[in-house]
Amino acid sequence: MSARPDATGPAAELREMRWWDLEPVLALEHDLFPEDAWSPGMFWSELAHARGPLATRRYLVAEQGGRIVGYGGLAAVDGTGDVQTIATARDQWGTGLGGRLLTALLGAATAFECHEVLLEVRVDNVRAQRLYTRFGFEPIGFRRGYYQPGNVDALVMRRPSQTSSEAPSVQGT
């Protein structure tokens, strides 16, 4: 991986999430989503479906200098991918790491032969919505009161399958 242009060191490396990553992933999850963080059981359940010949999930972590600085996961069922979660540490915002994670998850959707990818994003998370829009996601509806506590709506977004020639450029994201 190439070095980032600033002084924070080499770019984070993406790799498969494993059970031993859960403690730092959960710490990051609670920092970023204190009111609606996933539980350990939710991550364990997802990872249980991420390996073997019948795998329907792909979970990744981004590691930089031995520190987990991001993660993401995708579920694939009957030709539809669903970005279950994606997050980057605050000090990684604006570095393009979110775009790299999303690119990897979209690649997993292609490998799972998904014809579309869906996701939910908080209506008040404009930063994430801009990222998803750059990657070809379009709003298709709302889930009222989806995020609890707080009763915050989710914007549902969809991205139809694209060929590699149609995929957006992720440099500078």
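1. How many bridges join strand S2 to S3, and do these strands run parallel or antiparallel? In this predicted model, strand S2 (residues 57-64) and S3 are joined by eight bridges and run antiparallel. Within this pairing, Ala62 is the residue that stands opposite Gly70 in S3.

2. On packing against the sheet, helix H2 (residues 40-48) touches S2, S3 and S4, and its direction makes about 115° with that of S2. Helix H3 also packs on the sheet, where it touches S1, S2, S3, S4, S5 and strand S7 (152-160), while its direction makes about 160° with that of S4.

3. Gly70 is a useful place from which to read the surroundings of S3, the strand of residues 67-77 in which Gly70 lies. With a relative accessible area of 0%, Gly70 counts as buried, because that term applies to any residue under 20%. Leaving aside the neighbours within four places in sequence, Gly70 is in contact with Leu28, Leu60, Val61, Ala62, Ala87, Thr88 and Leu101.

4. Turning to the other side of the pairing, S3 and S4 are antiparallel strands joined by eight bridges, and across them Gly70 stands opposite Thr88 in S4. Ala87, which is also among the contacts of Gly70, is 17 residues from Gly70 in sequence, yet the C-alpha atoms of the two are 5.4 Å apart in space. The two strands form a hairpin with two residues between them, and Asp78 in the turn has a positive phi of about 50°.

5. Strand S4 (residues 80-88) has seven of its nine residues buried, so this strand is largely enclosed by the rest of the structure. S4 is also joined to strand S5 (residues 116-122) by four bridges, and these two strands run parallel; Gly81, for example, has Val117 in S5 as its bridge partner. The connection involves helix H3 (residues 97-111), since S4, this helix and S5 together make a right-handed β-α-β unit.

6. As for the whole arrangement, the strands belong to an open sheet of seven, with mixed pairing and the order S1-S2-S3-S4-S5-S7-S6. Strand S1 (13-16) and strand S6 (138-147) are the edge strands, each of which pairs on one side only. On average, and with direction ignored, neighbouring strands of this sheet are turned by 25° against each other.

Definitions and conventions:
Residues numbered from 1 in each chain as written. Predicted model: local features only at pLDDT ≥ 70, side-chain atom pairs only at ≥ 80, totals over all residues. Heavy atoms only, no water. Buried < 20%, exposed > 50% of the residue type's maximum accessible area, 1.4 Å probe, protein only. Contact = heavy atoms within 4.5 Å. Pairing = 2+ DSSP bridges. Right-handed = clockwise from strand over helix to strand, strands pointing away. Axes fitted to C-alpha atoms, helices over the stretch in contact; angles between N-to-C directions.
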